[in-house]
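Please open the structure in your viewer and keep the sequence panel visible. The tour below proceeds by selection, one stop at a time.

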Amino acid sequence: MYNVKLARFFKAKGLKQKEVGLIMGFSEAMVGRYLNRTAKMSPEFLMSLSRNFPEVDLNDLFAPDNGDPNAVNEPNEKYHTTVLNDIGEIEARLQIIKKKLSQSKD
């Protein structure tokens, strides 16, 4: 569960909920709600987590726990694409679509 992984991550860093809240811009109570799963994790929290703790792999955070106590820090190879690769792929596909559209007009 993501909350357990996050709690382990913050504990390994020696951070208490209050400190995490100060770093991320959330109240200690809200951090506690996310870590205890009494509140659904907001997109704002995830963005702040990613910005303030870039070593946390968000894809892995929500992947099933494999029993590794440091799982939140383990990179998952299938998610190792960069934004530039994704943009390149999108541009290539757009070129194919444009070519097909121009051929259908002829």
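The stops begin with the whole chain and then turn to two individual residues.

**The whole chain.** Select the protein chain in cartoon view, bearing in mind that this is a predicted model. Six helices and zero strands are present, and the order of elements from the N terminus is α-α-α-α-α-α. The protein chain has 106 residues, of which 27% count as buried. Now switch on the surface: the accessible area of the protein chain is about 7,600 Å², and carbon and sulfur atoms hold 56% of that area. Among contacts with a separation of 6 or more, 50% join residues 24 or more positions apart.

**Asparagine 3.** Next, select residues 2-12, which form helix α1, and pick out asparagine 3 within that helix. Is asparagine 3 buried or exposed? Its relative accessible area is 11%, and because buried means under 20%, asparagine 3 is classed as buried. Display Tyr34, Leu35, Asn36 and Arg37 as sticks: these are the contacts of asparagine 3 once neighbours within four places in sequence are left aside.

**Serine 42.** Move on to the loop between α3 (28-35) and α4 (43-52), where serine 42 is located. Serine 42 has a relative accessibility of 12% and therefore counts as buried, the limit being under 20%. Which backbone atom does the side chain of serine 42 reach? The backbone nitrogen of phenylalanine 45 lies at 3.0 Å from that side chain. Finally, add Phe26 and Tyr34 to the selection; serine 42 touches both, with residues up to four places away in sequence not counted. Tyr34 thus appears at both stops, in contact with asparagine 3 and with serine 42.

Conventions: Residues are numbered from 1 along each chain as its sequence is written. This is a predicted model: local features need pLDDT of at least 70, side-chain atom pairs count only at pLDDT 80 or more; totals for chains, interfaces and linings use all residues. Side-chain values use heavy atoms; hydrogens and water are left out. Helices (H or I, at least four residues) and strands (E, at least two) are DSSP runs, numbered from the N terminus. Buried means under 20% relative accessible area, exposed over 50%, partly exposed in between (1.4 Å probe, protein chains only). Contact means heavy atoms within 4.5 Å. Accessible areas come from the Shrake-Rupley method with a 1.4 Å probe; for residues, only the protein chains shown count as cover. A polar contact is a pair of N or O atoms within 3.5 Å; within protein, one must be able to donate a hydrogen and the other to accept it, and residues adjacent in sequence count only if both atoms are side-chain atoms.
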